[in-house]
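Good morning, colleagues. I should like to walk you through one structure, moving from a single side chain to the surface around it and then to the helix ends. Please have the sequence and the coordinates open as I speak.

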Amino acid sequence: MSNQSVQTVSTTNDKLKITLAVVALVAGVVGFFVLSDQSVLRVVALVVGLLLAIAFVWTSEPGQAFLTFGKEAVRETKKVVWPTRKEAGQITAVVFGFVVIMALFLWGTDKILEFVLYDLILSWKK
């Protein structure tokens, strides 16, 4: 686990890029809804706004840190030893078996408590 502290956007340049990214994204979404009568142009407005937002974030320091995080996550995922199909089936069968046993146990406990409470203690007959 990493003990790194949370970093905030520090430089004015990065703050400006993040602000421009948000503005571009909002403008794309607003353009999509304002141009509701022109189907092609509204999709173009949305895509351009999204691409501009990605470009602004991509060039900022937090964007680069996120990209590095993504690359490291993919690298760590490749190190995982995944179970074979047979092992996955066996694990799934064990889980389902445990669920059935717990369901029967809880049902039995409920019926015993129902009998003790309603029949023995309260003497309510059905």
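Ile-54 is located in helix α2. The model is a predicted one. With a relative accessibility of 42%, Ile-54 is classed as partly exposed, because that class lies between the 20% and 50% limits.

Ile-54 also belongs to a nonpolar surface patch of about 900 Å². Its other members are Leu-25, Val-29, Phe-33, Val-43, Leu-46, Val-47, Leu-50, Leu-51 and Trp-58. Two elements, α1 (12-34) and α2 (39-58), each give two or more residues to this patch. Which of the elements gives the most? That is α2, with 7 residues.

Allow me to turn to the aromatic side chains. The structure contains 1 aromatic pair. Phe-32 and Phe-33 form this pair in an edge-to-face arrangement, with 5.3 Å centre to centre and 85° between the planes. The partners fall into separate accessibility classes: Phe-33, a member of the patch, has 57% relative accessibility and therefore counts as exposed, whereas Phe-32, at 22%, counts as partly exposed.

Finally, I come to helix α3. This helix covers residues 61-79, and its 19 residues should span 27 Å at 1.5 Å a residue. The C-alpha atoms at its ends are 27 Å apart, so the expected span and the model agree. At the N-terminal end of α3, Ser-60 acts as a cap. One of its side-chain oxygens is placed 3.2 Å from the backbone nitrogen of Gly-63.

Thank you; I welcome your questions.

Definitions and conventions
Residues numbered from 1 in each chain as written. Predicted model: local features only at pLDDT ≥ 70, side-chain atom pairs only at ≥ 80, totals over all residues. Heavy atoms only, no water. Patch = residues over 30% accessible without salt bridge, like charges linked within 9 Å, V, L, I, M, F, W, Y side chains within 5 Å. Areas by Shrake-Rupley, 256 points an atom, 1.4 Å probe, with all protein chains shown as cover. Salt bridge = Lys/Arg side-chain N within 4 Å of Asp/Glu carboxyl O. Helix = DSSP H or I, 4+ residues; strand = E, 2+ residues; numbered from the N terminus. Buried < 20%, exposed > 50% of the residue type's maximum accessible area, 1.4 Å probe, protein only. Expected span 1.5 Å × (residues − 1). Polar contact = N/O pair within 3.5 Å; in protein donor to acceptor, adjacent residues only side chain to side chain. Phe/Tyr/Trp six-rings, centres within 6.5 Å; stacked < 30°, edge-to-face > 60°.
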